[in-house]
Every structure is written in C-alpha cells, then in structure tokens.
Amino acid sequence: MQNHLIQQARGHIRAAGHLVAFTGAGISTESGIPDFRGPQGLWKRYQPIQYREFLRDPEARREYWRRKVELYPGIRDARPNAGHLALASLFAAGVLKTVITQNIDGLHQKAGLPAERVIELHGSEAHIVCVGCGRCFPWEQVLAGFDGDCPRCDACGGWLKPATISFGQPMPEEETRRAFAEAAAADLLLVVGSSLQVYPAASIPGETRRAGGRVVIVNNEPTAQDEIADLVLRGQAGEILQRIEGGTQ
Ligand code: NAD
C-alpha cells in the first residue's frame with residue numbers, strides 16, 4: 001500500500017467531525033472467519049438458504065443448522081484482529097463515533113467498542129432466537145439438546161434460529177433506521193471489507209454521499225461502488241487500518 005494513499009486517508013480522518021465506519025465480512029477474515037464473496041468465501045462451498053425455504057422445508061432447516069453448528073465454534077472463539085483494534089483505538093481517541101456492521105461475529109465489541117456504538121444491521125450470532133415468539137436461548141443450552149434436526153422453542157414450539165438475518169428475512173427496523181441516520185450524519189464514512197453488493201446495507205455509502213459526506217473504501221478487491229468513493233485503498237484491512245490509525249493522533 002502506497003504511503004501517499006495512507007496519508008490521504010489520515011487527512012480525511014483528521015478533517016472529519018463525524019467519522020462512521022461501515023464494516024463487512026472482509027474485516028473479520030484475518031480473525032479466521034470466512035467471508036461470503038471473497039476468494040475463499042463461503043459461497044464457493046454453499047448456496048445461501050433463503051428465509052422462506054428455512055420456514056417451509058425441513059431439509060433446508062436441517063442443512064441450515066448443520067452449517068451453523070459447523071461454523072459457530074470459529075465465531076465463538078475468534079479474536080479481534082489489527083483492523084478491529086485500530087477502529088477501537090480511533091473510537092477511544094474520540095475520532096470514530098459509530099460502527100455500522102453487516103457482521104454477526106461481535107468482534108467490534110470484543111475489541112472494546114461499547115455495544116451501543118455498534119449497529120448490527122444483520123443481527124448477531126451471539127444467541128439463538130425463536131422465530132415464533134422471539135424468546136432468546138443461549139447457544140450452549142441449544143447445542144446440548146441438538147440432534148441434527150432444527151431445534152424448537154420449549155415455550156411455543158416455534159423454530160429456533162441464531163439471531164441473524166437470513167436472505168429474505170426482514171431487516172431489524174430500529175437498527176436500520178439508526179444506521180441510515182448515522183450514514184447521513186457522517187461527514188466521512190470508512191467502508192471496510194464489504195463487496196457492497198448486499199442490499200439494503202449496500203445503500204449506506206450512497207446515503208453518506210447524498211448528505212454531502214466523503215466515502216473511503218478499504219478492500220482487497222474491487223467493490224461494486226468504488227466509483228462513488230473519494231478514495232479507495234486496496235489491500236488487507238488489518239494492515240491498512242493499523243497504518244491509518246497510527247498516524248491520526
Ligand atoms: P462479502 O463477503 O460480500 O464481501 C467481503 C469483501 O471483503 C470481499 O470483497 C473480499 O474480497 C473482501 N475481503 C476479504 N478479506 C479481506 C481483508 N482481509 N482485507 C480487505 N478486504 C477483504 O461480505 P459483506 O459485504 O459483509 O456482505 C455479505 C454478508 O456477509 C453480510 O450480510 C454479513 O452479514 C455476512 N457475513 C458476515 C460474517 C461475519 O460476521 N464475520 C462472515 C460471513 C458473512
């Protein structure tokens with residue numbers, strides 16, 4: 001990564017009054033959690049399961065849970081990497097105001113960001129929820145009784161599912177409202193590790209632009225929205241964010 005691009009990013013950050021970060025699966029690959037669309041992405045192995053298939057097809061539910069049980073320990077045990085830690089340092093210094101994330105892994109909070117400053121647009125893998133009555137269950141309790149079939153709520157009999165948003169599932173209203181409000185309030189949006197292809201989340205950079213803010217993109221391959229960015233930094237998120245953060249204070 002060329003030094004003058006890092007310098008430009010630092011300059012934008014120093015000039016910003018309301019810096020917001022918008023992160024995707026790419027910020028967590030250096031913590032060992034695979035993304036969806038990157039070169040080693042999960043979609044090279046799996047087809048996504050739509051929410052309506054989960055609701056109506058017992059085989060889809062079994063396959064959904066098979067994948068979740070396989071991937072959960074990697075998420076539970078993952079540690080924040082240099083990218084998460086650099087954002088946490090920018091927050092601690094009062095520079096970064098909010099993180100809007102598409103991630104479900106909780107790594108921004110593990111890095112030290114307060115939960116109320118992390119807007120989880122696609123939910124969280126931290127616990128299980130009943131799609132019928134909304135009751136929450138800890139993973140360990142559900143795993144203890146897991147027999148390969150989709151677990152059911154012991155209160156209402158509804159299907160249990162990690163508290164994440166599947167394709168075709170409604171977005172959480174409050175988080176979506178807050179995310180778009182933060183995107184509009186940002187005079188600089190730092191987009192990290194997102195292919196910017198999953199809507200409505202991918203409308204976030206456009207919202208910042210419409211409100212007159214700048215957009216800086218950090219990603220290891222071209223994204224669907226590089227042309228609307230004021231600056232694009234191509235490379236590994238951990239190294240780039242660490243270098244940017246190191247020179248902003
Ligand atoms: P995506 O998979 O569509 O895109 C990730 C992008 O990050 C890709 O362009 C990839 O090349 C890039 N990337 C990968 N590793 C990188 C690195 N070390 N440095 C810089 N760039 C890197 O992910 P998305 O845009 O977040 O959207 C897909 C959906 O994936 C989201 O809805 C999210 O909920 C879900 N998801 C989340 C996790 C997680 O919580 N860690 C993991 C997989 C998928």
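How close do the axes of helix α4 (residues 82–92) and helix α9 (residues 237–246) come, and at what angle do they cross? In this predicted model, the two axes come within 7 Å and cross at roughly 25 degrees. Angles under 35 degrees count as roughly parallel, so α4 is roughly parallel to α9. The crossing of this pair is left-handed.

Let's look at who touches whom. On the α4 side, the residues in contact are A82, G83, A86, L87, S89 and L90, and they meet A237, G238, L241, Q242 and E245 of α9. By character, the residues of this contact divide into six nonpolar, four polar and one charged.

**A second partner for α9**

Helix α9 also packs with helix α1 (residues 3–15). Here the axes come within 9 Å and cross at roughly 60 degrees. The two helices are therefore oblique to each other, and α1 passes α9 in a right-handed crossing. From α1, the contact uses N3, I6, A9, R10 and I13, while α9 brings I240, R243 and I244. Sorting the residues of the α1 contact with α9 gives five nonpolar, one polar and two charged.

**Around the ligand**

How many residues surround the ligand, and which are the closest? There are 28 of them, and the closest are Q102, H122, S194, S195 and N220. Three side chains with an N or O atom at a listed distance from a ligand atom are gathered here:

| Side chain | Ligand atom | Distance to an N or O atom of the side chain |
|---|---|---|
| E30 | nitrogen | 2.8 Å |
| S195 | oxygen | 2.6 Å |
| Q236 | nitrogen | 3.3 Å |

S195 thus turns up twice: it is among the closest residues to the ligand, and its side chain has an N or O atom 2.6 Å from a ligand oxygen.

**The loop between β7 and α8**

If you are browsing the backbone, this loop is a good place to pause. Where does P200 sit? P200 is found in the loop between β7 (188–192) and α8 (204–210). The peptide bond joining Y199 and P200 is cis, with omega about 10 degrees.

L196 lies in the loop between β7 and α8 as well. What is notable about its backbone is phi: the angle of L196 is near 55 degrees, a positive value in a residue other than glycine.

Notes. Residues are numbered from 1 along each chain as its sequence is written. This is a predicted model: local features need pLDDT of at least 70, side-chain atom pairs count only at pLDDT 80 or more; totals for chains, interfaces and linings use all residues. Side-chain values use heavy atoms; hydrogens and water are left out. Axes are lines fitted to C-alpha atoms, for helices over the stretch in contact, and angles run from 0 to 180 degrees between N-to-C directions. Helices (H or I, at least four residues) and strands (E, at least two) are DSSP runs, numbered from the N terminus. Angles under 35 degrees count as roughly parallel, over 145 as roughly antiparallel, 65 to 115 as roughly perpendicular and the rest as oblique. A crossing is left-handed if the near helix is turned anticlockwise from the far one by less than a right angle, and right-handed if clockwise. Contact means heavy atoms within 4.5 Å. Ala, Val, Leu, Ile, Met, Phe, Trp, Tyr, Cys and Pro count as nonpolar, Asp, Glu, Lys and Arg as charged, and the others, Gly among them, as polar. A residue is near a molecule or strand if one of its heavy atoms lies within 4 Å of it. A polar contact is a pair of N or O atoms within 3.5 Å; within protein, one must be able to donate a hydrogen and the other to accept it, and residues adjacent in sequence count only if both atoms are side-chain atoms.
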